[in-house]
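This briefing introduces a structure to a reader who has not met it before. Please keep the sequence and the model at hand while reading.

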Amino acid sequence: MAQTDPAATAALPWHIEEPAGASPPSRSRAFAWLGRLGLSGRLFLLTVAFVVLAEILIYVPAVATYRMSRLSDRVAAARVAALVLNATPEGQVPDEIARRLLMGVGARAIAVRVGDTWRYLTDGPVPSAVAETVDLRERGLTGSVVGAFRTLFLSTDAPIRALGPGQDGFDAVEVLLDEGPLRASLADFSLRLLVACLIIAVLAAGLVFFVLQRAIVRPVVRLARDITAFADDPECTDRVTRRSARTDEIGQAENALARMQVALGGELRQRRRLAELGLSVSKINHELRNLLTTAQLLGDRLESVSDPLVQRVAPRLVETLDRAIRFCEATLAYGRATEPNPQRRMVALAPLLEELTDLADLMPAAHLRVEVRAAPDLEIDVDPEQLLRALTNLVRNAVQAHAAAKTADGLVLIEGLRSGRPGAGAVTVLVTDNGPGVPERAKANLFAAFQGSTRAGGTGLGLAIASELVRLNGGTLCLDETAGGARFRIIIPDRAAGAKAA
């Protein structure tokens, strides 16, 4: 038994110590070069590999078939020589004729079986061993392939024994063939076939690569380039992907990307404008708060005036100025964060609605009135400040709509109704006017900021702010379908009922 001495092995000149902790290169590093080829290079390599694989599947059986065909030809030629052998008396063929027959067949010896008798045609001693016996009467693909490659790559001096069926006058024929000429012929055929396969593989791979490059790779690369360019500057309209006329998956992806870029670009541009607008509003509110503070000081002084009219108006003026200052502070806070969380509590609804009646004086030329209908004991579970802001926006919109339409006998009716018992029901507030109503084109985006304006010069913020405030208080704001005018419905569920529904 052979043994190995570790010390002797370490002393061998080709023995190299590996550093501690060394590990073989990982598969990711070994195939990292594939990632550097790009999609086109990998597609070309895959195409060539698949075409070469298909050519190999054609090449191997073709070589085996060619070898069997050559052997069949030799056996067929041997049958002709066997006719001469079978026609001679007692199978005795002159040496010269035998030599010519064997040369014509290309064989060392020919054997013919007639019944149980064998007749031989040879021009010398017959070899005692053969390299391979091929029975052409029983052809198998596996044996043919193995024999073909044995002939190509294993050189031997022993002949090949080929057996074939007989014909009239004899039962079977055998031929001993030198393998050298067969190997040369098979090698020549194999080389020509290999060259033809390589040419076909290159042409097919090039054609497939060209088609896939035009149909798939280039559109995908273009999509990746468009996505990268759009990511660098999403607001630039020049970087939007062109719509594709293709109807396949790539065309659908291009069209979907184009729609997404247009929508996202418009959204980003609008958000940027909103951010700039928010900064401007914050600055305006900051200065307006200072002015309102001065007005509040003047209002405080009016409370000391003994005039009865001033005594009646001054508290409401001071309260309105306080509300305006709080609104400016809330707006500044909104610019920094979000709308403050509501401080909900049960409050009487009628006094809140009464404060809205003075909004009719915003447009004296409109000659309209604001009426309130609510039970004195009706209570609602809201933040009163936020509900009043939401209702103020709704009533102001109605007043401005009447003024713009110059309607006669304008009326804005504010109603408060309760459904269910207190604490487990909901309160509905209806704001109804007999004005021109809401245009159809404005209903789709009625509560969207900067998109729901129903009159010229409007900002489209009033209804959006009202909807947000109502939603913060757990309620809903919607527009009812009416034959004339407009009716907005606010539903504020009690917190116990809202929690149960949730």
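The points below describe selected sheets, helices and residues.

The structure is a predicted model. Among its features are an open sheet of 5 strands in the order 7-9-10-12-11 and another open sheet of 5 strands in the order 2-1-5-4-3. Helix 12 lies across two strands, strand 11 and strand 12, while helix 5 packs with helix 6.

**The sheet with strands 7, 9, 10, 12 and 11**

- The pairing of the strands in the sheet ordered 7-9-10-12-11 is mixed.
- Strand 7 (368–373) and strand 11 (476–480) are the edge strands; each has a single partner strand, so one side of each has no neighbour in the sheet.
- On average, neighbouring strands of this sheet are turned by 15° against each other, direction ignored.
- Strand 10 (residues 426–433) and strand 12 (residues 486–493) run antiparallel and are joined by 8 bridges.
- Val-429 has Ile-490 of strand 12 standing opposite.

**Helix 12 and its surroundings**

- Helix 12 spans residues 462–472 and runs at about 130° to strand 11.
- The buried residues in helix 12 are Gly-462, Leu-463, Ala-464, Ala-466, Ser-467, Leu-469 and Val-470.
- The cover over these buried residues includes helix 10 (384–405), together with strand 11 and strand 12.
- Gly-474, just after helix 12, takes a positive phi of about 80°.

**The sheet with strands 2, 1, 5, 4 and 3**

- Mixed pairing is also found in the sheet ordered 2-1-5-4-3.
- The edges are held by strand 2 (117–122) and strand 3 (132–135), each with a single partner strand, so one side of each is left without a neighbour in the sheet.
- The average turn between neighbouring strands of this sheet is 20°, direction ignored.
- Strand 4 (residues 160–167) runs antiparallel to strand 5 (residues 170–177), and 7 bridges join the two.
- Opposite Leu-163 stands Glu-174 in strand 5.

**Helix 5 and helix 6**

- Helix 5 covers residues 141–153 and helix 6 covers residues 179–232; their axes are 9 Å apart and the packing angle is about 100°.
- Helix 5 is therefore roughly perpendicular to helix 6, as angles of 65 to 115 degrees count as such.
- From helix 5, the contact draws on Ala-148, Arg-150, Thr-151 and Leu-152.
- From helix 6, Glu-179, Leu-182, Arg-183, Leu-186, Ala-187 and Ser-190 take part in this contact.
- By residue class, the contact of helix 5 with helix 6 comprises 5 nonpolar, 2 polar and 3 charged residues.

**Ser-144**

- Ser-144 is placed in helix 5.
- The relative accessible area of Ser-144 is 10%, so this residue is buried, given that buried means under 20%.
- Leaving aside residues up to four places away in sequence, Ser-144 touches Ala-64, Arg-67 and Met-68.

**Cysteines**

- A search of the whole structure gives 0 disulfides.
- Cys-197 counts as buried because its relative accessibility is 8%.
- Cys-478 counts as partly exposed, because its relative accessibility is 30%, a value that falls between the limits of 20% and 50%.

Key
Residues numbered from 1 in each chain as written. Predicted model: local features only at pLDDT ≥ 70, side-chain atom pairs only at ≥ 80, totals over all residues. Heavy atoms only, no water. Pairing = 2+ DSSP bridges. Helix = DSSP H or I, 4+ residues; strand = E, 2+ residues; numbered from the N terminus. Axes fitted to C-alpha atoms, helices over the stretch in contact; angles between N-to-C directions. Contact = heavy atoms within 4.5 Å. Parallel < 35°, antiparallel > 145°, perpendicular 65-115°, else oblique. Nonpolar A, V, L, I, M, F, W, Y, C, P; charged D, E, K, R; others polar. Buried < 20%, exposed > 50% of the residue type's maximum accessible area, 1.4 Å probe, protein only. Disulfide = S-S within 2.5 Å.
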